[in-house]
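The following exercises concern charged residues and contacts in a protein model. Please study the sequence and the structure before reading each solution.

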Amino acid sequence: MLSLAMKAGKVVSGEFQTEQAVKGGTAALVIIAEDASANTQKKFRNMCAYYKVPSLVYGEKALLGRTIGREERSSLAVCDGNFAGKIAAMLTEPCGVERSVDRCKGKKSEKCK
């Protein structure tokens with residue numbers, strides 16, 4: 001879903017562009033890489049809390065970059081509410097984006113198949 005949002009032009013990536021999207025009011029969801037520095041994670045969590053933008057910490061920099069067809073990315077912002085809602089739901093489900101059975105830890109849900 002994230003790659004589809006990128007192709008639709010609804011994703012900005014990198015710290016500077018993500019910050020501009022949040023402060024400019026265009027960001028609907030911010031995703032921060034798990035392996036981003038503690039300073040970067042804190043900066044975006046605080047900024048998102050202040051501007052009331054949902055944020056998630058998910059995946060590694062390489063995974064985020066690869067998903068949107070770029071190099072490593074520490075942060076990205078989804079700038080469309082519909083995409084943001086679907087992506088947030090997918091990332092917070094037990095299976096996440098990767099729907100393999102081993103990632104589900106034995107849970108038998110329709111999303112895991």
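Contact means heavy atoms within 4.5 Å. The model is predicted: local features need pLDDT of at least 70, side-chain atom pairs count only at pLDDT 80 or more, and totals for chains, interfaces and linings use all residues. Residues are numbered from 1 along each chain as its sequence is written, and side-chain values use heavy atoms, without hydrogens and water.

**Exercise 1.** Determine which residues Val11 is in contact with, leaving aside neighbours within four places in sequence.

*Solution.* Once those neighbours are set aside, the contacts of Val11 are Leu2, Ala5, Met6, Ile68, Leu76, Ala77 and Val78.

**Exercise 2.** Determine which residues are joined into one network by salt bridges that share partners.

*Solution.* A salt bridge is a side-chain nitrogen of Lys or Arg within 4 Å of a carboxyl oxygen of Asp or Glu.

Step 1. The structure holds three salt bridges.

Step 2. Lys43 pairs with Glu15, with the closest N and O atoms 3.9 Å apart. This pair links distant parts of the chain, as Lys43 is in helix H3 and Glu15 in helix H2, 28 residues apart. Helices are DSSP runs (H or I, at least four residues), numbered from the N terminus.

Step 3. Glu19 and Lys23 form a salt bridge at 2.8 Å, N to O. They stand four residues apart in helix H2, and therefore about one helical turn separates them.

Step 4. Glu19 also forms a salt bridge with Lys43, at 3.2 Å between the closest N and O atoms.

Step 5. Through shared partners, Glu15, Glu19, Lys23 and Lys43 form one network.

Note on methods: Helices (H or I, at least four residues) and strands (E, at least two) are DSSP runs, numbered from the N terminus.
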